[in-house]
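Hi,

Here is the structure I promised to send over. Have a look at it first, and then read on for what I found.

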Amino acid sequence: MTRRQALKTTALVTAAAAAVPGAMAQVPVPTPIIPFSLPPLPYGFNDLEPYIDARTMEVHYTKHHQAYVDNLNKAIAATPELTGKTIEALLTHLNSLPEKTRTAIRNHGGGHYNHSLFWQMLKKNSSLPSGAFGDDLTKTFGNLSDFKNQFSEIAVKIFGSGWAWLTHDGKGLIIETTPNQDTPLSAGHYPLLGLDVWEHAYYLKHENKRADYIGDWWSVVNWEFVTDRYAKMGS
Ligand SMILES: [Fe+2]
């Protein structure tokens, strides 16, 4: 560039800056909005030993759940009109989502929602169901042991990957299942207790023995969380 050209260029840039206030200021790089993130785990990886082993917890949380979060965020980035919606709103109204990302949000958003609940539904040495929840559970299924037997029987028979749930369907408590990462929210049901029966939830410790995993899982069900969730239902 000659001196004359350089002067001309400088003059043009100066003129542009005068016309557009702030044009010469450094343009800040926008921070990308990342709508969803991995929620904190309410305990350490080894705190549910020996029922759920530390390695399974670590891989399940840091790899599987993280992947659902990452892929959900990619889907939201591809349909930015959905930014700001809660995960519950997205999953409750799947049919109103853009076709372009509906399946991704169903799978990865469902994975994020289901796992976020699942971590909270686990605790060592929880007290048993109580209050209105304890009463309604007994009225619906018999005693706690009867409920556990009915739930376990359904969970062990799920073909392939999915979840077993205790939900409220608007009329009362029911046991139901969902395939893959589908969530009861999409059927208008309120999930109270969920059991992940994907092999990634138990294979490292229990190998192919899903019934053993379910038996161990009952020892770390956080009934306090479920009782509290039932009390807050509809609020
Ligand atoms: Fe899982």
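Please keep in mind that this is a predicted model. I'll begin with the sheet, which is open and has 3 strands in the order S2-S1-S3, paired in the antiparallel sense. S2 and S3 are the edge strands, and each has a single partner, so one side of each has no neighbour in the sheet. From one strand to the next, the twist averages 25°.

Now for the two pairings. Strand S1 covers residues 162–168 and strand S2 covers residues 173–179, and 7 bridges hold them together as an antiparallel pair. If you want a spot to find on screen, Trp-163 has Thr-178 in S2 as its bridge partner. The two strands make a hairpin, with 4 residues between S1 and S2. Gly-170 sits in that turn and has a positive phi of about 100°. On the other side of the pairing list, S1 and S3 also run antiparallel, joined by 6 bridges. There, Ala-164 stands opposite Leu-195 in S3.

Next comes helix H8, residues 210–217, where Tyr-213, Ile-214 and Trp-217 are buried. Looking down the axis of H8, you will see these buried residues within an arc of 100°, so they line one face of the helix. What do the buried residues of H8 pack against? Their partners are helix H6 (144–156), strand S3 (190–196) and helix H7 (203–206). S3 therefore turns up twice in this story: it is an edge strand of the sheet, and it packs against the buried residues of H8.

The last stop is helix H4, which runs over residues 99–120. Its 22 residues, at 1.5 Å a residue, should span 32 Å, and the C-alpha atoms at its ends are 32 Å apart, so the two agree. H4 does have a kink of about 40°, centred on Ile-105.

Thr-101 is also in H4. Is Thr-101 buried or exposed? It has 20 C-beta neighbours inside 10 Å, and a residue is called buried at 20 or more, so Thr-101 counts as buried. Setting aside neighbours within four places in sequence, Thr-101 is in contact with Ala-75, Ala-78 and Thr-79. Lys-74 is 27 residues away from Thr-101 along the chain, and their C-alpha atoms are separated by 9.3 Å.

Happy browsing, and best wishes!

Conventions. Residues numbered from 1 in each chain as written. Predicted model: local features only at pLDDT ≥ 70, side-chain atom pairs only at ≥ 80, totals over all residues. Buried ≥ 20, exposed ≤ 12 C-beta atoms within 10 Å, placed from the backbone. Arc of directions from axis to C-beta. Contact = placed C-beta atoms within 7 Å. Pairing = 2+ DSSP bridges. Axes fitted to C-alpha atoms, helices over the stretch in contact; angles between N-to-C directions. Expected span 1.5 Å × (residues − 1). Bend = angle between axes of the 7 residues up to and from the residue.
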